[in-house]
Structure formats: structure tokens, C-alpha cells
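Biologist: Could you take me through one part of this model closely, and then show me what lies elsewhere in the fold? I would enjoy a connected account rather than a list.

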Amino acid sequence: MTELGVILLAAGLGKRMKSSLPKVLHRLGGKPLLQYPLSAAQQFEPKKITVVVGHGAERVRQACSDRDVAWVVQERQLGTGHAVLCTREIYRQFAGDLMILSGDVPFITKQTLEALLSHHRKEKAALTVLTACMDRPAGYGRILRDGRGAIEGIVEERDASEAQKEIKEINAGIYAVSAPFLFPALERISNENDQGEYYLPDIVDIALQDGARVCAVQVENPREIAGINTREELALMEKSLQEKINRGWMEAGVTLKDPQTTYIDEEVVIGKDTFIGPNTHLLGRTVVGERCRIDGSAYLTDTQLSDEVHLRFSVVLSNCRVEDGAIIGPFAHLRPGTSLGRQVHIGNFVETKEAAIGEGTKANHLTYLGDVTIGRETNIGAGTITCNYDGFKKYRTAIGDRVQVGSDSTLVAPLSLGDDVYVATATTVRRDVPAGALVYNERQERVKEGWTEQKRKKMKKL
Ligand code: UD1
Ligand code: CA
């Protein structure tokens, strides 16, 4: 079998994005654009995948550091033809076929690439171009065909005549090409065009001059090869990806009250009969169980909810784990390292961080619980604060089972409260408290009768 290699072009800045971030790192469905064609390429298990990077090369590499690919740096972006030529050394000994993909064409599928490659091989072509017919072809290179319908060349829009601009068949920027043809051909292309760049599509002319076979394969669904060049295109693509993902979850038995304002990343998983209200964001590797209820305005990142969890209106959770039946919010902020046991209640204006909270425990109002471990069936009163930071270091608080922490208590870490401890209201606890004990601060309460009237009289005199 002929060997296969893949070249992915990702060196361009993406001028039309007007961004200092390399275009292929702009996010779609929560992932950098480049991850999409990379995944498509990897499904072929090619001998080698080479990614050509340039603008922000180091950042691009970092964003894909989990991938087994070879990186080639194109120091100056002299055009797509030049970009491919930069991989010449890597493929010097390579006599097989190469697929060339574009880093900014995210929705290309394995099936389409398979069709491209098998046509290329069946026809024994030197070069096979993927094309599509578009109602609005603006921005793309146009496919020129001769009287008999054979491909004759590709002209970039900015170099095209008015008549050529009318052509609806466009170059997808994706090719199958035989390596021994490719590299010598690239050395022969010129940069005499409107942009002064070396255009990869110009190898069509070289092949035809040499009498080599050039084929074209048309994709059925032009949306698949839509490239992203502007932020508007990115937003439209995000919208259509979102619609597809949301449709998928509704088909799988999830209710989305308002799919228009529900944002679910690609890798998220949601269980059956879960209800999701408006303006919900489920991001990263978030997992939501069955029969959960998310009232609305929820922002979840890399968070796992088990079954029957109820997120009331307006909550933010990042890197949290929540067990069955817990109720959270409204207006709660659960920060990384929070894990809630079954039936935990976290109420309004509660913030947690690195907090492991046991089954049935409640913290219903106005509380900060940071760097803390809490047992089961404990009640944290309103206004309780774990003082975990002395300006230099963070310290942990441990609270046992069935503890009653009275309202307005401050727990100064490092600290441990045993099981069944009772913290009186407005206590500042600085020392460990053994199981079953009451802790309170000695403080005298005084009442001065008639004080208000005296005060008012005094104020009027002044
Ligand atoms: C390219 C094609 C066009 C096609 C369109 C499909 C050329 C000249 N034109 O145009 O016919 O219709 O794709 O989407 O190829 N890149 C580099 N180094 C460079 C220049 C570009 O790596 O020096 C990379 C970019 O990062 C991008 C890809 O090549 O991933 C395509 O470049 P882009 O500038 O977006 O080409 P288009 O104008 O879209
Ligand atoms: Ca492009």
C-alpha cells in the first residue's frame, strides 16, 4: 500500500482576524481551531503528520502538545506553496501520497478525506483537489475548468477577472498529492500575483504543463470545508456547531428550554431527562448526570454533576464534583477543588474553594468555605468565614460530622473542629475544638437604657 503523510498548514497570522493570537488558536466549541483538522488527520494513522507553524509557533505547539506530530517552522509567511515547501526535508525519502489540510478549515470529515484519497489513488493522479460549489463563493479561490470539464487551474479571488468571480466552484484548500511530484513542482511556482505570495494552487498549472494527471473531488456538503478567515465567520461557525451539538443532546433526551442561549462544548456529556434552562454554558470536560435541573444562567467548566443535582438560578462552578441530589444556588460560586457529597445544600452568596463537603451538609447563606474539609450533616450558619490565609500561606480547616457552626463565626486556620462540636454565634475560633464541645468567646453584653434619646438630644444641640 502507498504510504500516507499529512501536512497541515497553520503558519498564517490570519490578518483578517485582526488579532495578536494566531488564527488557528482561536477557539471553536471550546477548542483551538487547529485541533479539528488534526483529529481528522489522525484518524488515518498516517506515517507522519507535519504541522507548519509560523506566527506564534511556540503557542501553537503548546496548545497541541498532546499530539504526536512533527513541527516545521515557516519563518516568513510567503504563501501556502512556500509553507508546504518548508516540509521538503521531512519528506525527502518519502515516495507516498500526502494530504494537505488547512488549519483554518475545522469541519472536514474523515469520510470526505477518504473519498479524496481513494479517488486520487484510483485515478493515479499527481494531484487531486477538493472542491465545493457555493452560493456565495466570495473569498475562495475559483476552480477553472475547460470545455470538457477538466480542471484547468485555480485562480485566487483577488487575481480573478469579473467573469471568473462568477464561478461557484471553489478550492477547499485541501489536496491529495503524490510527494515525488509535489516538491519539485513547488520549486517552480512564482509569486507573481496580487499578494506577491507563492500559491500552492499554482501546482495545478505545473502538473498540467508536465502532462501529469490532475483530478478534482467535489464535497457534498460545502459547510464541511468552510474556512474561517474573519471573526464573523468564526461566530457563524460557532453558532452552527452549537446548533448541531444542541440538536444532538435534545435527540438524546435532554430538554433545552432555549437552545439559542445554551452553549455546550464538544466534549461535554449530559444524561437523560436533564433540564437545562436559558443562558447555560457547559464547558470543557463537564459531565452532567441524569434528571438534573439547571434553572439558568449557569457557567460550568470541567465540572461533574451526578444525578438529580439541582443548580438554581445563576451559579458558577469550575473544576468541581457534585454528588447525587445536591442543591446549589441561587448565586453561588464553586471554585476549583470543590467536591460536594450527596444532598449537600449550598445556598445564596456562598463561595467555596478546595472544599470537600460531606453528605447532607448545608451552607445556605453568605459564607466563604476555602481549604476546608467538612463531614456529614453539618450546618454552617450564615456569614461563616474560613480564614485560610494569613497573607503568606494558606491553611486548612477540618470540621467534623453533625457540627453546628453558629452565624457570623470566623474559623481561623489551621484549625480542626471535632464531631458534634457546637460553635456559638459570632465566635472567632483560633484553637482546635474536641468532639462534642461548645466553643464560644467570652464577651460581655451590656444594655444602656435610655441611650438613644440622650444621644439624639446631644446631636440637636450641636
Ligand atoms: C486558500 C487558497 C484558496 C482556497 C482557500 C480555502 C491559496 C493561495 N489559496 O486561501 O484557493 O479557496 O484557502 O480555504 O492557497 N498558511 C501558511 N503559510 C503561509 C500562508 C498561509 O501556513 O505563508 C496557512 C494559513 O495559516 C492557513 C492556510 O495556510 O491555515 C490557508 O491560508 P489562508 O491565508 O487562509 O488562505 P486563503 O486566502 O483562505
Ligand atoms: Ca483560509
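Modeller: Happy to. A residue is called buried here when its relative accessible area is under 20%, and exposed when that area is over 50%. Please keep in mind that this is a predicted model.

With that cut-off in hand, let us look at helix α8, which runs over residues 231-251. Its 21 residues, at 1.5 Å a residue, should span 30 Å, and the C-alpha atoms at its ends are indeed 30 Å apart, so the expected and actual spans agree. The buried residues of α8 are Leu234, Met237, Ser240, Leu241, Gln242, Ile245, Asn246 and Trp249. What lies over them? The cover includes the strands β2 (27-28), β12 (255-256), β13 (262-264) and β14 (269-270), together with the helix α1 (35-42). Just after α8, glycine 253 adopts a positive phi of about 100°.

Next comes a lysine. Lysine 23 sits in the loop between β1 and β2. Is this residue buried or exposed? Its relative accessible area is 9%, so lysine 23 counts as buried. The side chain of lysine 23 has a polar partner, the backbone oxygen of isoleucine 228, at 3.0 Å. Leaving aside residues up to four places away in sequence, lysine 23 touches Gly12, Leu13, Gly14, Met17, Leu33, Asp104, Ile228 and Asn229.

From there we can turn to ligand 1. There are 24 residues around ligand 1, and those that come nearest are Leu9, Gln74, Thr80, Glu156 and Asn171. Several backbone atoms face oxygen atoms of the ligand. A polar backbone atom of leucine 9 is 2.8 Å from an oxygen of ligand 1, and for alanine 11 the corresponding distance is 2.9 Å. Glycine 79 also takes part, with a backbone N or O atom 2.8 Å from a ligand oxygen. Taken alone, ligand 1 exposes 750 Å², of which the protein buries 91%.

Which elements give two or more residues to this shell? They are β1 (4-10), α3 (80-85) and β10 (169-178). The largest share, three residues, comes from β10. By character, the shell residues divide into nine nonpolar, eleven polar and four charged.

Terms used
Residues numbered from 1 in each chain as written. Chains lettered and ligands numbered in written order. Predicted model: local features only at pLDDT ≥ 70, side-chain atom pairs only at ≥ 80, totals over all residues. Heavy atoms only, no water. Near = heavy atom within 4 Å. Polar contact = N/O pair within 3.5 Å; in protein donor to acceptor, adjacent residues only side chain to side chain. Areas by Shrake-Rupley, 256 points an atom, 1.4 Å probe, with all protein chains shown as cover. Helix = DSSP H or I, 4+ residues; strand = E, 2+ residues; numbered from the N terminus. Nonpolar A, V, L, I, M, F, W, Y, C, P; charged D, E, K, R; others polar. Expected span 1.5 Å × (residues − 1). Buried < 20%, exposed > 50% of the residue type's maximum accessible area, 1.4 Å probe, protein only. Contact = heavy atoms within 4.5 Å.
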